[in-house]
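Got your viewer open? Let's take a walk through this protein, one selection at a time.

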Amino acid sequence: MKIPILLVSFSMALPLLAEPWLGIRFAQNCAACHAPGRINLPAIQRRCTLSCQGCHVSPQGGGLRSFYGKWNENRWLRSFAISLLKPKSSFAPTKQQLYGKPQTTQSKQSKAQQQMLKKRGYPLVVGKQSIINAETSFKRDGLEYQIAKDNLEFLRQIPQQDPYRLFTDSKIDGGGGFRYQLVHLPQRGATKASTYLFLMSADLALRWRPMYRNLHVVFEQRGIGFPQRVKSLKKSFIQARELLETSRTRSLYLLVDNLPFNSYVMAGLYRPLFGGNPSPDHTTLMQKLWSTHLGQTGSYSSRFRGLSIGTAPNVPYANLHFIIRDESGRYDKQDRTRGVAGNVGLRFVTLGLNSTYSFWYTANKTDAGKKSTLANSASVAAQLWRSTLMLEYMNLRTNTKDSNAAETSKTAKMNTHVVEVDTYTRVWREFYLLAQYALAHHERENEQEMKHSWYIGTRAFLMAGIDVSLRYAQMRADEEKDAKQSLTAQLHFYF
């Protein structure tokens with residue numbers, strides 16, 4: 001039996017990877033994104049969505065968080081609030097807010113004063129409790145069914161500290177972070193275990209909005225480190241400097257959004273959305289097989305150059321991506337990757353229920369031959385009492401035709417079916433139990449292999465910006481006697 005791998009990770013980073021399960025978790029709570037008691041706009045003007053842009057700037061998910069994502073983290077995604085650290089205050093329900101009172105109470109104010117308050121907003125009335133329970137507080141109060149008579153009435157319901165108004169305070173925002181890891185890896189047959197201390201990643205993200213709410217220029221830089229033996233702390237800082245010097249652009253795109261029916265156009269360098277519940281963990285079985293079919297070393301550094309269009313008018317959503325180059329590895333002038341991908345689905349407030357169908361087709365033709373990848377994915381997810389449940393099926397097919405083979409033509413085919421089930425169960429405040437199981441049937445050149453992987457663990461969002469997790473995992477193929485085991489502890493500080 002193999003000795004379990006012990007991986008202990010201490011990281012200080014901006015969470016630049018998407019967590020779609022959190023969107024499902026808070027889908028039934030309108031106040032998870034903005035102050036409670038928001039009245040609505042006509043359908044063509046609505047921007048409220050349960051899509052990736054609910055928490056992130058990019059409609060593809062991941063990357064820089066939006067002001068709404070930061071609101072959720074600072075006021076909901078925490079189990080404790082220590083006054084010494086000056087956390088963001090919780091807030092009172094709609095009836096106690098100044099904007100929640102009837103307008104007749106403002107009758108003594110002049111019209112100019114009322115107009116000013118509508119444009120600037122009332123102060124947000126804070127709550128007495130530092131921790132708010134999403135299951136019992138501010139879910140939906142019916143005001144979202146009311147349609148504002150005009151834009152001023154709509155703005156009157158939005159307090160000064162709401163993300164809608166914070167968005168306009170500055171034309172530039174961003175973030176960044178670092179992720180360190182300490183790895184203790186026992187080796188088979190070795191008398192001593194190998195220990196690695198390295199900077200896993202360094203991220204910088206910036207957004208510039210030259211045209212108010214519609215035009216965004218987003219830049220994200222990332223440096224990725226690899227396990228290296230370190231005998232001193234000084235050596236680790238040298239490695240950190242080397243990582244920063246060899247960093248590369250993770251994303252660079254132009255985004256035009258806030259268009260009618262919450263539509264957008266996006267162009268540049270980024271990772272197109274594929275799958276209804278994309279995992280932020282690049283070590284899962286599904287993510288590893290996805291990278292294998294694309295011919296990449298790992299999904300952690302996956303990126304493409306392309307153009308995307310999409311819409312998410314509340315419940316339904318759809319997007320289409322035109323891919324013109326694969327830039328996941330080093331820049332290759334010979335790369336001629338072309339393709340198309342897309343997603344269609346439904347996302348509901350009730351139970352956080354959502355379903356998605358995704359497709360992907362890319363082909364790369366070179367002098368040596370042609371490689372094409374076709375993928376399909378179907379997924380469902382829901383919030384049932386304290387548990388978030390996600391189920392996804394993915395089929396991956398790759399055909400590689402070698403034009404330089406001795407024969408006239410030779411085509412190698414690879415076909416994979418993967419099923420993955422994820423659960424996140426809240427046990428107390430923002431403490432969760434995690435579990436995942438994945439099963440894959442892999443066929444390649446008349447060889448078949450069945451792979452299994454699973455993990456169990458815990459995760460806790462202690463305070464705003466502090467995330468702790470512990471996970472035990474196993475992965476093996478049917479023909480293997482021993483499973484590859486790992487124990488991972490991780491600590492995140494993000495801002």
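Before you click on anything, keep in mind that this is a predicted model.

**Stop 1: a buried ring pair.** Select Phe-67 and Phe-167 and show their side chains. Both residues are buried. Their rings meet edge-to-face, with 5.9 Å from centre to centre and 80° between the planes. Colour the helices and loops now: Phe-67 belongs to helix α2 (residues 67-75), while Phe-167 sits in the loop between α5 (163-166) and β2 (172-185), so this pair ties together parts that are 100 residues apart in sequence. The structure holds 17 aromatic pairs, and you've just met one of them.

**Stop 2: charges over rings.** Next, pick Tyr-164 and Arg-213. The charged end of Arg-213 sits over the ring of Tyr-164, 3.9 Å from the ring's centre. Then hop to Trp-385 and Arg-386: here Arg-386 lies over the face of Trp-385, and the distance to the ring centre is 5.3 Å.

**Stop 3: the largest nonpolar core.** Select Trp-21, Tyr-424, Tyr-432 and Phe-461, which together make one aromatic cluster. Now add Phe-26, Trp-76 and Phe-91. Along with Trp-21, Tyr-424 and Phe-461, these three touch the most other members of the largest nonpolar core, a group of 26 residues. Where do its residues come from? α1 (20-25), β14 (431-444) and β15 (447-463) each supply at least two, and α1 gives the most, with three.

Zoom in on Phe-26. Leaving aside residues up to four places away in sequence, Phe-26 touches Ala-32, Asn-72, Trp-76, Leu-77, Ala-134 and Glu-430. Apart from this core lies another one, of 16 residues; select Met-286, Trp-290, Ala-375 and Ala-440 to see some of its members. As a rule of thumb, nonpolar side chains in soluble globular proteins tend to be buried together.

**Stop 4: three strands in a row.** Switch to cartoon view and follow β15 into strand β16 (residues 466-477). These two run antiparallel and are joined by 12 bridges. Two residues lie between the strands of this hairpin, where Gly-465 takes a positive phi near 95°.

Keep going: β16 also pairs with strand β17 (residues 484-493), again in the antiparallel sense, over 10 bridges. How many residues does the hairpin from β16 to β17 pass through? Count along the chain and you'll get six.

For a last look, select Tyr-472 in β16. Ile-456 stands opposite Tyr-472, and so does Leu-487 in β17.

Technical notes:
Residues numbered from 1 in each chain as written. Predicted model: local features only at pLDDT ≥ 70, side-chain atom pairs only at ≥ 80, totals over all residues. Heavy atoms only, no water. Phe/Tyr/Trp six-rings, centres within 6.5 Å; stacked < 30°, edge-to-face > 60°. Helix = DSSP H or I, 4+ residues; strand = E, 2+ residues; numbered from the N terminus. Buried < 20%, exposed > 50% of the residue type's maximum accessible area, 1.4 Å probe, protein only. Lys NZ or Arg CZ within 6 Å of the ring centre and 35° of its normal. Core = buried A, V, L, I, M, F, W, Y, C linked by side-chain atoms within 4.5 Å. Contact = heavy atoms within 4.5 Å. Pairing = 2+ DSSP bridges.
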